[in-house]
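Reader: I am new to this structure and should like to understand the terms used to describe it. May I put some questions about how each term is justified?

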Amino acid sequence: MSPSRTAQRTVRDVVFVDGVRTPFGKAGDKGIYAGTRADDLVVKCIRELMRRNPSLPAERVDEVAIAATTQTGDQGLTIGRTAALLAGLPRTVPGFAIDRMCAGAMTAVTTTASGIGFGAYDVVIAGGVEHMGNHPMGAGADPNPRFMSERLVDPAALNMGNTAENLHDRFPAITKERADAYAASSQAKLAAAYAEGQIQGDLVPVATMKPGQGWTVHSVDEPPRPGTTVEDLAGLRTPFRAQGRVTAGNAAGLNDGATVALLAAEDTAGELGLPVKMRMVSYAFAGVEPEVMGIGPVPATEKALKNAGLDITDIGLFEINEAFAVQVLSFLDHFGIADDDPRVNRYGGAIAVGHPLASSGVRLMTQLARQFEQDPSVRYGITTMCIGLGMGATVIWENPHHADYGATSTTDSTSEEGAAA
């Protein structure tokens, strides 16, 4: 009889190695990606990610997870697998698709990171794409009639702009004036980040062809409106409600773009000589009332902090997706953070740069990673976002440039010793 064996039960640290994205474009016939395929945008990102990390053998990639909210046409056919093949990765590299609406890329990261921690993977590529010009939000969707007939959700929950107006109703202290001021600040911060060269390093130039125009290489984001003032925003119409507060100026636009990230087990990164830009500390998803989906980051962040044994005061940098200004402001008010707190969205956010739905989660991560490198005084940062139909997502990261990186507290050590005993 052979001796009994005990299966390994090891949980490994997961690190963010690198991340890239295409410049974001405006959706529609006049946008820079009109006539361009969504899957080709992803392929550009994967190829650039591999080019930037030459010490990684392509055959060491264990999985490719790509998110898209509308998984049809050039965003369908299990886009993680098709993008891997189109990018020239070995046929032995599998792939899959993910849909969690706006948090698609973030879920691609957390799902594959869990696989790394569990030991199923060593290295993964995770990201997202949304070509809202090719696939307008909600196109082809067929909501179950029970949503309305049984009043499971308010009809407003199926329109994101209406949910933002509902959030203004719930928190009357968040006025249109505050939302506009926040939006103008986002534009100004992004313009400053561009001027300082903080954005360009994450961008993959994309060449596009349009009839009668020939080839054009796009190397900057299309949506930003530098120089936008509060006065410019004050007169914009409120399309979701008469005398409302949500406008095209204090909300993210309709955009096209793709993002991908390279994640690895920390020991594998060391083995292959890959850089470590961040370590994943914890993550959480939470559900909220669909009618006020923008509040989702609040319970998700509370849950992630609890899982990590941290407090909001431990967080030195915040990358919050700006689907709507009111959504960010509701988060800041809940945690007692000022509208102009310098820890929040230092390079601006989606109101200025754009929000191609399923791709945005990795944009938050690449920007946080760059800020970590520039500010070693910050140990922990978060990336967080609201999600359609009433959800929130948060990931907490640790800065490898901080003096205490990887160290455990006395409390943690005591707990571990107790558990071991």
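Author: Please do, bearing in mind that this is a predicted model. A suitable starting point is R37, which forms a salt bridge with D39, the closest N and O atoms being 2.8 Å apart.

Reader: Why is the contact between R37 and D39 called a salt bridge?

Author: The term requires a side-chain nitrogen of Lys or Arg within 4 Å of a carboxyl oxygen of Asp or Glu. The N and O atoms of R37 and D39 are 2.8 Å apart, so the pair meets the definition. In general, side chains of opposite charge can pair when their charged atoms come close.

Reader: What makes D39 buried and R37 partly exposed?

Author: Buried means under 20% relative accessible area, and partly exposed lies between that value and 50%. D39 has a relative accessibility of 7% and therefore counts as buried. R37, at 44%, is therefore partly exposed.

Reader: How many salt bridges does the structure hold?

Author: The structure holds 23 salt bridges. One of them joins the side chains of R52 and D18, with an N to O distance of 2.7 Å.

Reader: Why is the pair of R52 and D18 said to tie together separate parts?

Author: R52 lies in helix α1 (residues 38–52), whereas D18 lies in strand β1 (residues 14–21), so the pair ties together parts that are 34 residues apart in sequence. R52 is partly exposed, at 26% relative accessible area, while D18 is buried, at 4%.

Reader: Which parts of the chain does the salt bridge between R178 and D339 link?

Author: The side chains of R178 and D339 meet at 2.7 Å, N to O. R178 belongs to helix α6 (residues 176–195), and D339 to the loop between α10 (325–334) and α11 (350–353); the two are 161 residues apart. D339 has a relative accessible area of 29% and is therefore partly exposed.

Reader: Which residues are linked in a network of salt bridges?

Author: The network links R12, R60, D122, D267 and E271.

Reader: How do you know that C45 and C386 form no disulfide?

Author: A disulfide needs two cysteine sulfur atoms within 2.5 Å. For C45, the closest cysteine sulfur, in C102, is 18 Å away, and therefore too far for a bond. For C386, the closest is also in C102, at 6.2 Å, which is likewise too far. The structure holds zero disulfides.

Reader: Are C45 and C386 buried or exposed?

Author: C45 counts as buried, because its relative accessibility is 0%. C386, with a relative accessible area of 1%, is buried as well.

How values were computed. Residues are numbered from 1 along each chain as its sequence is written. This is a predicted model: local features need pLDDT of at least 70, side-chain atom pairs count only at pLDDT 80 or more; totals for chains, interfaces and linings use all residues. Side-chain values use heavy atoms; hydrogens and water are left out. Buried means under 20% relative accessible area, exposed over 50%, partly exposed in between (1.4 Å probe, protein chains only). Helices (H or I, at least four residues) and strands (E, at least two) are DSSP runs, numbered from the N terminus.
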